[in-house]
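Trainee: Before I rely on the labels attached to this model, could you take me through how each one is justified?

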Amino acid sequence: MMGHIFLTSPSRTQPQLRNSYVLQRRVLTRVQYRRLSPSPSARAAYKSRLAPVSAPDSSSPARRLLVAGERSRAAFRSFHQSAGRWKAPARWWCWKQIHSATGAAAAAAAVAELELLVPRASGMDRHELGSAAEEIEKTPREGRPGPDMESEPAAERVAERVPPWREQLTVRGLVAALLIGVVYTVIVMKLSLTTGIVPTLNVSAALLAFLALRGWTHALDRLGIASRPFTRQENTVVQTCIVACYTIGFGGGFGSFLLGLDKKTYELSGASTPGNVPGSYKDPAIGWMMGFLLAVSFVGLLTLLPLRKVLVIDYKLTYPSGTATAVLINGFHTPQGDKNAKKQVLGFLKYFGISFFWSFFQWFYTGGDFCGFMQFPTFGLKAWKQSFFFDFSLTYVGAGMICSHLVNLSLLFGAVLSWGVMWPLMKKQEGNWYSAKASASSMTGLYGYKAFLCIALLIGDGSYNFFKVIIVTLNSIREKSKRSRLNRVTDADSVAIDDMQRNEVFNRDNIPSWVTYAGYILLSAIAVVAIPLIFRQVKWYYVVIAYLLAPALGFCNAYGTGLTDMNMGYNYGKVALFVFAAWAGKDNGVVAGLVTCGLVKQLVLVSADLMHDFKTAHLTLTSPRSMLVGQAVGTLMGCIVAPLTFFLFYEAFDIGNPEGYWKAPYALIYRNMAILGVEGFDALPKHCLQLCVAFFAFALLANVARDFLPRRFGRFVPLPMAMAVPFLVGANFAIDMCMGSLVVFLWHKLNGKKAALLIPAVASGLICGDGIWVFPSSLLALAKIKPPICMKFTPGS
């Protein structure tokens, strides 16, 4: 029963994530308590050692705390030598004796010693994590994990002052969040409009927030200007605000359901396609996009607010991403964290400069179509025609360094299967399966097969994980209710001092329930009125039904996310897309399906993200009230920044061109899913239905194999969701991301400790440098300033 489970971050970043991500929980039944309790003689020996501890001391309170701690540690060591190996019931019996003899101070010190010497039991089986199993490993043999907020004893933090929630919100923090949020919004917008793959950037955001504010405070100190200390609580709030801001950039639908409403995507889907009725489009505009986001993005913050204590404290859900972020932030605010931060700052700045100036250098050679290093035929011209080449995009190299090896290799496998095998074979069926006169972007031609086979893989993978998370959620709730009935007394006795401190801080700044309910009703009413005004095809009762179902759907998703770290908000949105598209009928189905997809997805997605943030707050002693305010401010920033950023891209580049760089593949995918919801399988090209069934089945079988095969085999099964993306986008970006994986692999082989420290900083620098160049390049494009050189490759004579 005793042991550890070690969760490695999927981004393979900080040493704190690799060596300190320990989820330790006690499992102790009454039978074990009776069986393992210390003997009467051992109890007497230990009580005799407690006599000096309770002696009066006239020194200061801090001195009394230290003396009590030293005496209790001496008593513990004596008992440990006489009583033999410690068991969990003996630990807690001694804790009670210390508490009665010395008070809370001695208890904290004794528990600190006990926790350091005796590992906690694991309360979470690795198989409960489902498809996240590839991110789970046992504790490495080379060493025990270092201390973190899950294992750091309360005695080591007893002197820490937890600032009030208003002091955790600072002007400098919000300014830093806005600036970093703008940068990351540009980055995720570029990723959404090129391939649609956006890696998890939470760790990178926490790193940049720490570097920015710690650098600011150090600069003021050197100038002799007094400043407020930079605390882990402020760091947590700023990181939350940044993530909430840039999440709107890719979660707001600018590369998927909102862009699927524009006229270009309507034409790409085929103006004569059944179900794609004339007039079923709405061209992008800043006004209605900003209004839609403001109407739907805040309700999700209130959906599960009354249940935050249930999910975080009572159910003790792990929320792996939230826990990883907390471990990272806690590691920053230590003496060792300051030393590591200096190295990371240098690494970030170095590779930020390299990436920015490399992008600037490349620009001079892109003075025409298919020009520049982005079209370099790395493997020859024949491979280049099938999109197999390295395009020197440091954004995707950095993204590959953050994503796991499995994701990157799955992308490459999907690219080889589609562009290396299937599309060349289907090209030979031109004139037989599809018309030879169909354009390259027509849904009645080869492009239709690419789109619908991609959709089949996405739906198959999403459906399996959707039902799996629901089953895992229901089983976990049932098991927890059984355990609560059997072990209610034992669980109450086994709460550690550090957990009590976290729980106290988490419950201190309570948010009144009437505020939550009144806000939910008010924001829902605004959405019910505003959304039908923006989209005439969406009836008001569609919105009412979505908001009535939101709390139940949000709870299921938040609970499943806490267990598996898989946010299924996009899959809930796809289910809503099919349901409402079919309900609205042929004339209004496409627009109604796309809009309600975004509505439901945003409600469910935001509520689960907020629970991740509350888990981080719980482990960093941050007030949930300040976290909610930070999340709301970041969401407001995103609702303003994201539409403006999108229009900068939309006006400067050819967004949605399937033959260009800015393909925005998910816009076409979502629109065709809406057409499927309206017309059914009649919308598919010849033989496409049979192929879609085969790929749907492959996605299901691949997930089953990953979950049920032994780990040594299952970890090599590719991810269908990742395989699907190159079907439409091409193979070049998959090669870029595999290059990032290769860099990480070789770096770990050469110097694993240095790699673990610097990989997040280097990857962030590569992504940010290339991403920032989008600003000047888009301004040059708007000013009609073209590059002077076109570097193009042609066959030799």
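Trainee: What makes Arg-222, Lys-339, Lys-342, Lys-343, Lys-350, Lys-753 and Lys-754 a patch of positive charge on the surface?

Mentor: Lys and Arg count as positive, Asp and Glu as negative, while His and the chain ends are not counted; a patch takes residues with over 30% relative accessible area and no salt bridge, and joins like charges within 9 Å, a salt bridge being a side-chain nitrogen of Lys or Arg within 4 Å of a carboxyl oxygen of Asp or Glu. The model is predicted, so local features need pLDDT of at least 70 and side-chain atom pairs count only at pLDDT 80 or more, whereas totals for chains, interfaces and linings use all residues. Residues are numbered from 1 along each chain as its sequence is written, and side-chain values use heavy atoms, with hydrogens and water left out.

Trainee: Why is Lys-754 called partly exposed?

Mentor: Buried means under 20% relative accessible area and exposed over 50%, with partly exposed in between (1.4 Å probe, protein chains only), and Lys-754 has 44%, so it is partly exposed.

Trainee: How do you know that a disulfide joins Cys-371 to Cys-790?

Mentor: The rule asks for a pair of cysteine sulfur atoms within 2.5 Å, and the S to S distance for Cys-371 and Cys-790 is 1.8 Å; by this rule the count comes to 1 disulfide. The torsion about the S-S bond of Cys-371 and Cys-790 is about -45°, so the disulfide is left-handed.

Trainee: Are these two cysteines buried or partly exposed?

Mentor: Cys-371 is buried, at a relative accessible area of 4%, whereas Cys-790, at 37%, is partly exposed.
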